[in-house]
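Thank you all for coming; I would like to take a few minutes to walk through some strand pairings. Please have a look at the sequence and the structure first.

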Amino acid sequence: MQIRSSFPYETTREDVQVPLPDGTKLYARIWRPVTDEPVPALLEYLPYRLSDWTAPRDWQRHPWYAGHGYASVRVDVRGHGNSEGMPGDEYSAVELADGVAVVNWLAAQPWCTGKVGMFGISWGGFNSLQIAALAPEPLKAVVTVCSTDDRYDNDVHYMGGSVLAVDMHAWAATMLAFVSRPPDPLFAGSDWREMWLARLEAVDPFIHTWLDHQTRDDYWRHGSVCEDYSAIGAAVLAVGGFHDPYRDTVLRLVEHLPGEVQGLIGPWSHQYPDRGLPPGPAIGFLQETLRWWDHHLKGVENDVMSEPKLRSWISDSHRPATVYDELPGGWVGDPSWPSPNVTPVSYALQGNPLIVNSPQHTGLDAGRFFPFGNDADLPPDQRDEDAKSACFEFEVPSAVRILGRPRVTLRLRMDVPFGQAIARVCDVAPDGSSTLVTRGVLNLSARHGRDRADAWPLGDAEDVTFDLNAIGYAFPPGHRIRLAVSSAYWPWIWPQADSAGFVLDPAGSSLELPVREGELDPGITFAAPEQSEPLEVVYPATLDEQRPERLVVRDVAKGEWRLEVDPRYGGTRVYPDGLEFTEDALETYTINESDPLSARTRSDWTIRLHRPELAWDVRVESRSEITCDAADFITSNEVVCKDGGEVVFHRTWEKRIPRTAG
């Protein structure tokens, strides 16, 4: 990583409050170049607290953009951080309308040319697309990273129509803890406590809403730009990583957006591609986006639009591991998506009908749904998972390079009304090691559409077809391509109440791979990663023994399995302005190997914010749990907030939510 301290422009930084039409003020931090000429503005708009939580990341890129002649602006969403107002659901109509107002406010400033770009990763990438679909006139270009166009089927809530136990709950619990954090008196002033208490009264756990909508209804259509791609007129650079769950969106945006669009998919996890977090290689992403901004916001005649419409990383075969500093492989370029270089090749399954009734703990080696570059994020050797699945293998006599979404067609028969099918494609080496390449899920009640829940006709056979997540991967000669099919995948997928598996008939079943012809393109290159000088945050060493990132515990007598996950979001850090910030989280997923109704998730959070010079010391403690019976999901959430030693807020929510599609 090259740290840059000298730029074409000197820069200034100021914190301001952006007024909204209803009088609410949003807290913003603006880095600007020192110049008498107006410049375009770049907006990153998030609920994650610019004064602490994202500050280290913000310092890597906003000053860098300012040093290259842009006003780079970071704004906290209403009801979060030091912004006024009440918090709401993710991507609410209010959040998006506020975002449009911020875009228009930036364009009207005397230091702005009137042209605005938006960028962001995850939440900020989502709302960049969603605000672009509302078409504020000043918004000319977007860089959206690790985001989605479909909130139902390519987000953190559902996968293939099935409830995502692993992150539906974990993210709802995280946001419950996050939204309960107070404004910071150093920035919000003496009214911080009144603001905090008012916010807390407005809090309702996200999990209630998300589980209330178990099919793709109007709730999920809101904010899903796939409903009308033509609404987006801004130029879009869509960026993803093949180890991020949202990478399919890049392909759909390249295929469907009517305006100027480019796609870039690397080997990365859920991170900006310049940060150097595993798996790499990292790229000079800031330089790459600067070309995009210069062309679309300044009218610079550079060569950015001569790049292939889709640039993709194709990984060479590699042994299974939970972390890779860098993956072997290289880049390819395609003029469009679907690509004329990609041909679907079908592999027919062979054998007699067989019963697939996987143990309920199948999936413990799935890895993290959101890899962030930690040591235990990625799936380990899949041999144990493969042993709990029905496996079909295909020899690789000569190299097979794939790019896109594999597809499976399965002929199934079920004697129960509900179930789910999980398909994994693995690369099996001559020594038997099994590397996960990609996977997909289908809730069998969603086989006729994600907007409905159709029970299976008991005893009947049907063909079901579903896509797996997109991947770029090269299978070498002498290896075997393995398709593994299971009926359970805990804790990614919440098990169906009467899960009894299914009968799979290989006759009529197949795996379709998107085979890409042509070699790697050595002409696709990127500058080395570069960032501005980091914020001088101190991470104190702890004397306590650190928990394992992922720990699996088996009670042999009970047949019970427990997965404990430390998400490693940040730990303790001390900021240059004196803030001491500590957070600790533990996620627990428990199931009995023979009982789908034993599934249980729990998330515990503790957050402390301390300013010794202001005698300010607050704590947020939260607990979130989901269990189930045959009829309902049963949720329990609790938040305790303390100012010093005083409990200022304590609330518990208990709710039963009928299991419809879930």
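I will begin with how the model was treated, then turn to an open sheet, and finish with two hairpins.

This is a predicted model, in which local features need pLDDT of at least 70 and side-chain atom pairs count only at pLDDT 80 or more, while totals for chains, interfaces and linings use all residues. Residues are numbered from 1 along each chain as its sequence is written, and side-chain values use heavy atoms, with hydrogens and water left out.

Strands here are DSSP runs (E, at least two residues), numbered from the N terminus, and two of them pair if DSSP finds at least two bridges between them. In the open sheet, four strands follow the order β16-β23-β19-β20 with antiparallel pairing, and the edges are β16 (390-395) and β20 (434-443), each of which pairs on one side only. Within this sheet, β19 (residues 420-428) and β23 (residues 480-486) are joined in the antiparallel sense by seven bridges, and V425 has L483 of β23 as its bridge partner.

Let me now move to β31 (residues 616-628), where ten of the 13 residues are buried (under 20% relative accessible area, 1.4 Å probe, protein chains only), so this strand is largely enclosed by the rest of the structure. It pairs in the antiparallel sense with β30 (residues 595-611) over eleven bridges, and four residues lie between β30 and β31 in their hairpin, where A615 in the turn has a positive phi of about 50°. A hairpin through three residues joins β31 to β32, and V620 stands opposite C641 in β32.

Key: Buried means under 20% relative accessible area, exposed over 50%, partly exposed in between (1.4 Å probe, protein chains only).
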